[in-house]
Amino acid sequence: MTRAILFDLDGTLVDTRAASWQLFSETNLAFALGIDSREAFFRAFEGNFFESLAKLCPDPQRAAAVKAHFMELLRTRYHPALIPGMVDVVRALAPHSTLAVISTNGIEAIRRILVGADLANCFSHVFSGDVEPRKSVSIRRFLGDHRYAVHRACSPAYHDGEASHASLQAQDVVLVTDTVGDVREAREAGIRAIGVTWGMHSERQLLDAGAERVALWPQELVAWLRDADAPATSCGCSSGSADSCALPPAPAPAVRAAAAPPTGDPVREVARHRRERQLHTRLQAAAATARAAPGASMASAVSGPSARTELMSSLQRILREGDH
């Protein structure tokens, strides 16, 4: 039984090749690292990003500066597309296993991607590189506390079922990843690893590193990781639904009437504000008169949308003419 599935982010859930190189090329230029092509970038960072960076920049101070520069770009400007089909995979697995993201990327970039994809509440936990660079350390932390197995299927609440009280065993947990380095870290921590071929490394490379199998298509992950006797249900993740996997939307900004552009002339600015106050006062007076007028049909006509628009236009025209 697969109680918990840890997903790598870059190259596994999202298409990172073009997006990550585009940003790293700016870091490369800023620090003259000599990694001047996308292929060289992928070769240099085949394993854990932070370990590869330490080898590339033996000077710890320079390595820290390079890391800070690149992580800031990821935090603010990293917007990769999700791998086609992976949203359905996550939603199909979320009702049956505890899902978590484990990545060397920063927490803000991960949050932005998962919220944007309506998947935030499909994942019970996120282990990010700005908190712990080594994935094997995060995996051991996950295994070391049975409470990490708590289920969170498509709602903000954590469901503390019977399974979450049982200790996590290494064979209960699998890492899904696209890189040889991640497979090695998973094996180092004692858990299983499944590779995917649409990211950094080939099927042969992943198998040689210790992956138990390698997916050619996203839906293979559902066939392999969902129990055969489990109902073929998906979590109810859709924008606007009560059980959405996204975080609640931010409240819409209040609608405000468009203000006239500033003129730059202090005298004309004072006059403009005075006209706006006069217009507001006259509109209120007109509305009060309409409500007090005898006959419901007349009041309805005056307060209708077309009547208000006409009244607004007339008053604005009067005020403009009064300025000349």
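In the predicted model, the bridge partner of Ala100 in strand E3 is His125. This pairing belongs to a set of three bridges that join strand E2 to strand E3 (residues 125-127), the two strands running parallel. On the side of strand E1 (residues 4-7), E2 is joined by four bridges, and E1 and E2 likewise run parallel. Within E2, Leu99 serves as the bridge partner of Ile5. Strand E2 itself spans residues 98-102 and is mostly covered, with five of its five residues buried. Burial extends to both faces of the strand: Thr98, Ala100 and Ile102 are buried on one side, and Leu99 and Val101 on the other. The connection from E2 to E3 passes through helix H6 (residues 107-116), and the three elements make a right-handed β-α-β unit.

The loop between H6 and E3 contains Ser124 and also Asp118. Ser124 has a relative accessibility of 3% and therefore counts as buried, the cut-off being under 20%. The side chain of Ser124 reaches the backbone oxygen of Val150 at a distance of 3.3 Å. When neighbours within four places in sequence are left aside, the residues in contact with Ser124 are Thr98, Leu99, Val150, His151, Arg152 and Tyr158. Two of these contacts, Thr98 and Leu99, are residues of E2 that lie on opposite sides of the strand. Asp118, at 9% relative accessibility, also counts as buried. The C-alpha atoms of Asp118 and Val87 are 8.6 Å apart in space, although the two residues are separated by 31 positions in sequence.

Helix H1 comprises 15 residues (17-31) and reaches 21 Å from its first C-alpha to its last, close to the 21 Å expected at 1.5 Å a residue. Its buried residues are Ala19, Ser20, Trp21, Leu23, Phe24, Thr27 and Asn28. These buried residues pack against three helices, namely H2 (38-44), H3 (49-56) and H4 (60-77). Just after H1, Ala32 adopts a positive phi of about 50°.

Charged side chains were examined next. In general, side chains of opposite charge can pair when their charged atoms come close. The structure holds 13 salt bridges. One of them links Glu72 to Arg75, with the closest N and O atoms 2.7 Å apart. Glu72 and Arg75 are three residues apart in helix H4, so about one helical turn separates them. Both partners are partly exposed: the relative accessibility is 37% for Glu72 and 33% for Arg75.

A further salt bridge is formed by Asp182 and Lys135, for which the closest N and O atoms are 2.6 Å apart. Because Asp182 lies in helix H8 (residues 180-189) and Lys135 in helix H7 (residues 135-144), the pair ties together parts that are 47 residues apart in sequence. Asp182 is buried, with a relative accessible area of 5%, and Lys135 counts as buried at 5% relative accessibility.

Arg147 and Asp145 form another salt bridge, in which the closest N and O atoms are 3.0 Å apart. Here, Arg147 counts as exposed at 58% relative accessibility, since the threshold for that class is over 50%. Asp145, by contrast, is partly exposed, its relative accessible area being 21%. Beyond these pairs, a network of salt bridges links Glu51, Arg134, Arg140, Glu185 and Glu188.

For the protein chain as a whole, the secondary structure comes to 13 helices and six strands. The chain has 324 residues, of which 43% count as buried. Of the contacts between residues at least 6 apart in sequence, 66% join residues at least 24 apart. The salt bridge between Asp182 and Lys135 illustrates a link across the sequence, as it ties together parts 47 residues apart.

Conventions. Residues are numbered from 1 along each chain as its sequence is written. This is a predicted model: local features need pLDDT of at least 70, side-chain atom pairs count only at pLDDT 80 or more; totals for chains, interfaces and linings use all residues. Side-chain values use heavy atoms; hydrogens and water are left out. The expected span of a helix is 1.5 Å times one less than its number of residues. Buried means under 20% relative accessible area, exposed over 50%, partly exposed in between (1.4 Å probe, protein chains only). Contact means heavy atoms within 4.5 Å. Two strands pair if DSSP finds at least two bridges between them. A crossover is right-handed if, with the strands pointing away from the viewer, the path from the first strand over the helix to the second runs clockwise. A polar contact is a pair of N or O atoms within 3.5 Å; within protein, one must be able to donate a hydrogen and the other to accept it, and residues adjacent in sequence count only if both atoms are side-chain atoms. A salt bridge is a side-chain nitrogen of Lys or Arg within 4 Å of a carboxyl oxygen of Asp or Glu.
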